[in-house]
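Welcome! Here are a few short exercises to work through with the structure on screen. Try each task yourself before you read the solution.

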Amino acid sequence: MQPKVVATEAALQLIEKLKETYGPLMFHQSGGCCDGSSPMCYPQGEFMIGQSDVWLGEIGGCPFYIHAAQYEYWKHTQLIIDVVPGRGGMFSLEGREGVRFLTRSKVFDSHDELL
């Protein structure tokens, strides 16, 4: 069975750099509003996870969550967290680095294999 969330090497390197500065981290896949639909990176415990959030797995040793309503749209995909140049969500830690996390995806088939 394939993991629901993975990270590219570039994202993993950025996560390590951010952990050196901020300590343990966590991610939440935003569902829109102020910061669009971006993976948001916070110091662990600074974003309140609620009963409507779904744990997808870990990237770089950091827990990754998504709101249940957003998960319904993405449940047939593997989220691939990457990093690209530019400004992302203003509340996400990587913004000061001049880069942003970006979610890409691959669709699962009926046997949990990636298409």
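**Exercise 1.** In this predicted model, decide whether Ser92 is buried or exposed, and find which residues Ser92 touches.

*Solution.*
- Step 1: Ser92 has a relative accessible area of 6%. Buried means under 20%, so Ser92 is buried.
- Step 2: Look for Ser92 in the loop between strand 6 and strand 7.
- Step 3: Leaving out residues up to four places away in sequence, Ser92 touches Pro39, Met40 and Cys41.
- Step 4: Zoom in on Cys41: its backbone nitrogen is 2.8 Å from a polar atom of the Ser92 side chain.

**Exercise 2.** Work out in what order the three strands of the open sheet lie, and which strands are at its edges.

*Solution.*
- Step 1: The order of the strands is 1-6-7, with mixed pairing.
- Step 2: Strand 1 (5-7) and strand 7 (99-107) are the edge strands, since each pairs on one side only.
- Step 3: On average, neighbouring strands here are turned by 30° against each other, ignoring direction.
- Step 4: Strand 6, residues 77-85, pairs with strand 1 in the parallel sense over three bridges. Within this pair, Val6 stands opposite Ile80.

**Exercise 3.** Find which strands helix 1 touches, and which of the helix residues Ala11, Leu14, Ile15, Leu18, Glu9, Gln13 and Glu20 are buried or exposed.

*Solution.*
- Step 1: Helix 1 (residues 9-22) packs on the sheet and touches strand 1, strand 6 and strand 7. The direction of helix 1 makes about 70° with that of strand 6.
- Step 2: The 14 residues of helix 1 reach 20 Å from first C-alpha to last, close to the 20 Å expected at 1.5 Å a residue.
- Step 3: Ala11, Leu14, Ile15 and Leu18 are buried in helix 1. They cover an arc of only 105° around the axis, so they sit on the same side of helix 1.
- Step 4: Glu9, Gln13 and Glu20 are exposed, on the face turned away from that buried side.
- Step 5: Just after helix 1 comes Gly23, with a positive phi of about 85°.

**Exercise 4.** Describe the surroundings of Glu16, a residue of helix 1.

*Solution.*
- Step 1: The relative accessibility of Glu16 is 38%, so Glu16 counts as partly exposed.
- Step 2: The Glu16 side chain makes a polar contact with the side chain of Lys19, at 3.1 Å.
- Step 3: From C-alpha to C-alpha, Glu16 and Gly61 are 9.4 Å apart in space, although 45 residues apart in sequence.

Terms used
Residues are numbered from 1 along each chain as its sequence is written. This is a predicted model: local features need pLDDT of at least 70, side-chain atom pairs count only at pLDDT 80 or more; totals for chains, interfaces and linings use all residues. Side-chain values use heavy atoms; hydrogens and water are left out. Two strands pair if DSSP finds at least two bridges between them. Helices (H or I, at least four residues) and strands (E, at least two) are DSSP runs, numbered from the N terminus. Axes are lines fitted to C-alpha atoms, for helices over the stretch in contact, and angles run from 0 to 180 degrees between N-to-C directions. Contact means heavy atoms within 4.5 Å. Buried means under 20% relative accessible area, exposed over 50%, partly exposed in between (1.4 Å probe, protein chains only). A polar contact is a pair of N or O atoms within 3.5 Å; within protein, one must be able to donate a hydrogen and the other to accept it, and residues adjacent in sequence count only if both atoms are side-chain atoms. The expected span of a helix is 1.5 Å times one less than its number of residues. The arc is that of the directions from the helix axis to the C-beta atoms.
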